[in-house]
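User: I should like to go through the terms used for this model and see what each one rests on. Please set the values against the cut-offs as we proceed.

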Amino acid sequence: MTPCIAVSLCLRGISHLTHNIVNMKSAFISFVIIVCSYGSSFAQGPPTNYDESAIPSYTLPDPLLSPNGKAVTTVKEWERKQRPYILKLFTENVYGKIPGKPAGMHFKITETDTAVLNGRAVRKQVTIYFGEGDAAPSMDLLLYLPKANKPVAVFAGLNFNGNHTIAADKAIKPAKYIKRKDGQLSDSEAIEASRGSTASRWPLEEIISRGYGVATAHYYDLEPDDKDGWKQGIRTTMKDALHIATGAWSAIGAWSWGLSRIQDYLESDAAVDAGRTILIGHSRLGKTALWAGANDQRFSIVISNNSGEGGAALSRRIFGETIRNLNTSFPHWFIARYKSYNDHPEMLPVDQHMLLSLIAPRPLYVASAEEDQWADPKGEFLSAKNAEPVYALYKLQGLTVNEMPAVNTPVGETIRYHIRTGKHDVTLYDWQQYIEFAESKKVVSDK
Ligand code: GCU
């Protein structure tokens, strides 16, 4: 039922009831209740579909079909025209723009400990200032590097709850913003209690012992993850310096921009092999890693962990979360125009396999979790599958299989995929696969 039909049915009800003047007031109240309740269910959209047989049929746009209707057949055509064209479609319809590096950006190493993790690693804390002077907006970067006699490759990713939550180490500078249970932000409460609370998502010993470093920052340093977060974040504080209107980008864009600034720092650190940075993100930060990796080709490998709708999962496959769900619960993640596709993913000129294809020819890992049906594991697999033709232009093999693999059985060459048992999370199992993938791809940056 459309809203117009709903309203006219209500009006019909009212005209009937108003024959009796006594009923006028109650008729009006019923009208308001019906319209309002219809309005709110309309805002939420149809119930979530978890039934494979109920997915409406869909056709994916072809990443290799150029706007003039011709097929792209060479790397040259892809890189010169088609890739920029697809990137622009995502910019204009989904995530918004990403501005460049700010003038005056500088780094201050605020702490170095050369013997952490049983003497096996070096920890550095760095403030990345997004402009001249110490009053410029900034982000706190936490870095763990294995002791090595040559520069090391680093996994770079944003964290959800603050640097101090990734390891129970009192020397780690606490996050500037802590999200309390009541939804308020507080920079004083709960810090000690939350130290190390997300350590299972950052298995430092394992990563360091395999010879890789970790670079992470709290995503709230860029923009608090709230519908009004833009008021405090860089979309407001850096508006003039970056010459970009707040609405021209999105929270995911702001977080992605921060990942590029982390890479800027890594390039300045002699202990780091910044040509081999591996970008990693979980969930909303997986969506962010994909968007950052699409825009910034300095990232040599991109990993999407359970990124779901608006990340790796196909939008046209109506299963689990939908575009409407995303835009209703998280109106700040994407640009305003994305809302016009709430009930019409088929109208989008792109689908998410095209975002994955923008990572080519760099190695890409897409990971799902069996109990994370909201993120549509099969939609993530099919999206990776449909990015293969772009990798094929580079004569690179993608997933190498046509059907979803069994749980805990990674598949693929330059595009790798796994679905692990368990719920929506980043686990040691996931990290072990990512480390193996990185080891098997001795990639160097193409820039
Ligand atoms: C919600 C949201 C997802 C998102 C996830 C997360 O579940 O609907 O799109 O990926 O949060 O970031 O944890």
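User: What makes Tyr50 partly exposed?
Analyst: In this predicted model, Tyr50 has a relative accessibility of 44%. Buried means under 20% and exposed means over 50%, so Tyr50 at 44% counts as partly exposed.

User: Is Phe319 buried or exposed, and how do you know?
Analyst: The relative accessibility of Phe319 is 5%. The limit for buried is under 20%, so Phe319 counts as buried.

User: Why is the aromatic pair of Tyr50 and Phe319 called edge-to-face?
Analyst: The search of the whole structure finds 20 aromatic pairs, and Tyr50 with Phe319 is one of them. Their ring centres lie 5.7 Å apart, with 80° between the planes. Rings pair if their centres lie within 6.5 Å, and planes over 60 degrees apart count as edge-to-face; the pair is therefore edge-to-face.

User: What does this pair tie together?
Analyst: Tyr50 belongs to the loop between helix 2 and helix 3, and Phe319 to the loop between strand 9 and helix 10, so the pair ties together parts that are 269 residues apart in sequence.

User: What makes Arg316 a buried residue, and where is its place?
Analyst: Arg316 has its place in the loop between strand 9 and helix 10. Its relative accessible area is 8%; the cut-off is under 20%, so Arg316 is buried. Residues that Arg316 touches include Tyr58, Leu60, Pro345, Glu346 and Asp351.

User: Which backbone oxygen does the side chain of Arg316 reach, and why is this called a polar contact?
Analyst: The side chain of Arg316 reaches the backbone oxygen of Thr59 at 3.4 Å. A polar contact requires a pair of N or O atoms within 3.5 Å, so the 3.4 Å between Arg316 and Thr59 satisfies the distance limit.

User: Why is strand 10 described as largely enclosed by the rest of the structure?
Analyst: Strand 10 spans residues 364-369, and 6 of its 6 residues are buried, so the rest of the structure largely encloses it. Leu364, Val366 and Ser368 point one way, while Tyr365, Ala367 and Ala369 point the other way, and all are buried.

User: How do you know that strand 10 pairs with strand 9 and with strand 11?
Analyst: Two strands pair if at least two bridges are found between them. Strand 9 and strand 10 are parallel and share 4 bridges; Asn305 has Ala367 as its bridge partner. Strand 10 and strand 11 also run parallel, joined by 6 bridges, and Ser368 stands opposite Ile419.

User: What makes strand 1 and strand 11 the edges of the sheet?
Analyst: The open sheet has 9 strands in the order 1-2-3-7-4-8-9-10-11, with mixed pairing. Strand 1 and strand 11 each have a single partner strand, so one side of each is left without a neighbour in the sheet. From one strand to the next, the twist averages 15°.

User: In which sense do strand 2 and strand 3 pair?
Analyst: Strand 2 and strand 3 pair in the antiparallel sense over 9 bridges, with Arg123 opposite Tyr144.

User: Which strands does helix 12 touch where it packs on the sheet?
Analyst: Helix 12 touches strand 10 and strand 11, and its direction makes about 165° with that of strand 10.

How values were computed:
Residues are numbered from 1 along each chain as its sequence is written. This is a predicted model: local features need pLDDT of at least 70, side-chain atom pairs count only at pLDDT 80 or more; totals for chains, interfaces and linings use all residues. Side-chain values use heavy atoms; hydrogens and water are left out. Buried means under 20% relative accessible area, exposed over 50%, partly exposed in between (1.4 Å probe, protein chains only). Helices (H or I, at least four residues) and strands (E, at least two) are DSSP runs, numbered from the N terminus. Axes are lines fitted to C-alpha atoms, for helices over the stretch in contact, and angles run from 0 to 180 degrees between N-to-C directions. Contact means heavy atoms within 4.5 Å. A polar contact is a pair of N or O atoms within 3.5 Å; within protein, one must be able to donate a hydrogen and the other to accept it, and residues adjacent in sequence count only if both atoms are side-chain atoms. Rings of Phe, Tyr and Trp (its six-membered ring) pair if their centres lie within 6.5 Å; planes under 30 degrees apart count as stacked, over 60 as edge-to-face and the rest as tilted. Lists of a residue's contacts leave out its neighbours within four places in sequence.
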